[in-house]
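Visitor: Could you take me through one part of this structure up close? I'd like to hear about the helix and what it packs against.

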Amino acid sequence: LRRRGGYCFVLVDAFAALLTSLGFVVSLHTAGVGESPLAPEKWGNHIVLLVHLGERRFVSDVSASGRRVRCAATASLHGAGGE
């Protein structure tokens, strides 16, 4: 895994492949992990998966960092074209 980023980059690809094989629509998005507010150089040090269920999107943060998400998080995307 040297020079390929953290475990999240490897795990999210495998999880995305699994969900896709089960018929889910998913998308990958860069993210950042660090203190709030996040320093600009930290942006892109993480990756998350969005699972698209109809009009709703759910964040799936697959990582080996030991952090635990105790509930499903819905995503609100902002940017070009409302995405």
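Guide: Here is a walk along the helix, then over to the strands around it. Keep in mind that this is a predicted model.

Let's get our bearings. The protein chain has one helix and four strands, and from the N terminus on they run α-β-β-β-β. Buried residues account for 17% of the chain's 83 residues. As for how contacts are spread along the sequence, take those between residues at least 6 apart: 34% of them join residues at least 24 apart.

Now the helix itself. H1 covers residues 7-21. With 15 residues at 1.5 Å each, H1 should span 21 Å, and its end C-alpha atoms do sit 21 Å apart, so the expected and computed lengths agree.

Which residues of H1 are buried? They are Cys8, Val12, Ala16 and Leu19. Look down the axis of H1 and these buried residues fall within an arc of 70°, so they line one face of the helix. The spacing makes sense, because an α-helix has 3.6 residues a turn and residues three or four places apart point the same way. On the face of H1 turned away from that buried side you'll find the exposed residues Tyr7 and Ser21.

Thr20 is another helix residue worth a stop; it belongs to H1. Thr20 counts as partly exposed because its relative accessible area is 44%, between the cut-offs of 20% for buried and 50% for exposed. Its side chain reaches back to the backbone oxygen of Ala16, at 2.8 Å. Thr20 also gives you a feel for the fold: Val51 is 31 residues away from Thr20 in sequence, yet their C-alpha atoms are 9.6 Å apart in space. Just after the helix, H1 is followed by Gly23, which has a positive phi near 100°.

So what lies over the buried side? The cover on the buried residues of H1 includes strands S1 (25-32) and S2. The largest nonpolar core has seven residues: Cys8, Val12, Ala16, Leu19, Ile47, Leu49 and Val51. H1 and S2 (43-53) each supply at least two residues of this core, and H1 gives the most, with four.

Ile47 is a good place to see the packing from the other side. Setting aside neighbours within four places in sequence, Ile47 is in contact with Cys8, Phe9 and Val12, with Leu28, His29, Thr30 and Ala31, and also with Asp61.

On to the strands. S1 and S2 pair in the antiparallel sense, over eight bridges, and within that pairing Ala31 stands opposite His46 in S2. Ser27 is also found in S1. The side chain of Ser27 makes a polar contact with the His29 side chain at 2.8 Å. Beyond residues up to four places away in sequence, Ser27 touches Val48, Leu49, Leu50 and His52.

S2 pairs with S3 as well, again in the antiparallel sense, here over five bridges. For landmarks in S3, Leu50 has Val59 as its bridge partner, and His52 stands opposite Arg57. The hairpin of S2 and S3 has two residues between the strands, and Gly54 in that hairpin takes a positive phi near 65°.

Let's finish at Ser60, which lies in S3 (residues 56-60). Is Ser60 buried or exposed? Ser60 counts as buried because its relative accessibility is 14%, and the cut-off for buried is under 20%. Leaving out residues up to four places away in sequence, Ser60 touches Phe15, Val48 and Leu49. Leu49 ties these stops together: Leu49 is a member of the largest nonpolar core, and Leu49 is touched by Ser27 and by Ser60.

Terms used:
Residues are numbered from 1 along each chain as its sequence is written. This is a predicted model: local features need pLDDT of at least 70, side-chain atom pairs count only at pLDDT 80 or more; totals for chains, interfaces and linings use all residues. Side-chain values use heavy atoms; hydrogens and water are left out. Buried means under 20% relative accessible area, exposed over 50%, partly exposed in between (1.4 Å probe, protein chains only). Contact means heavy atoms within 4.5 Å. A nonpolar core is a set of buried Ala, Val, Leu, Ile, Met, Phe, Trp, Tyr and Cys residues joined through side-chain atoms within 4.5 Å. The expected span of a helix is 1.5 Å times one less than its number of residues. The arc is that of the directions from the helix axis to the C-beta atoms. Two strands pair if DSSP finds at least two bridges between them. A polar contact is a pair of N or O atoms within 3.5 Å; within protein, one must be able to donate a hydrogen and the other to accept it, and residues adjacent in sequence count only if both atoms are side-chain atoms.
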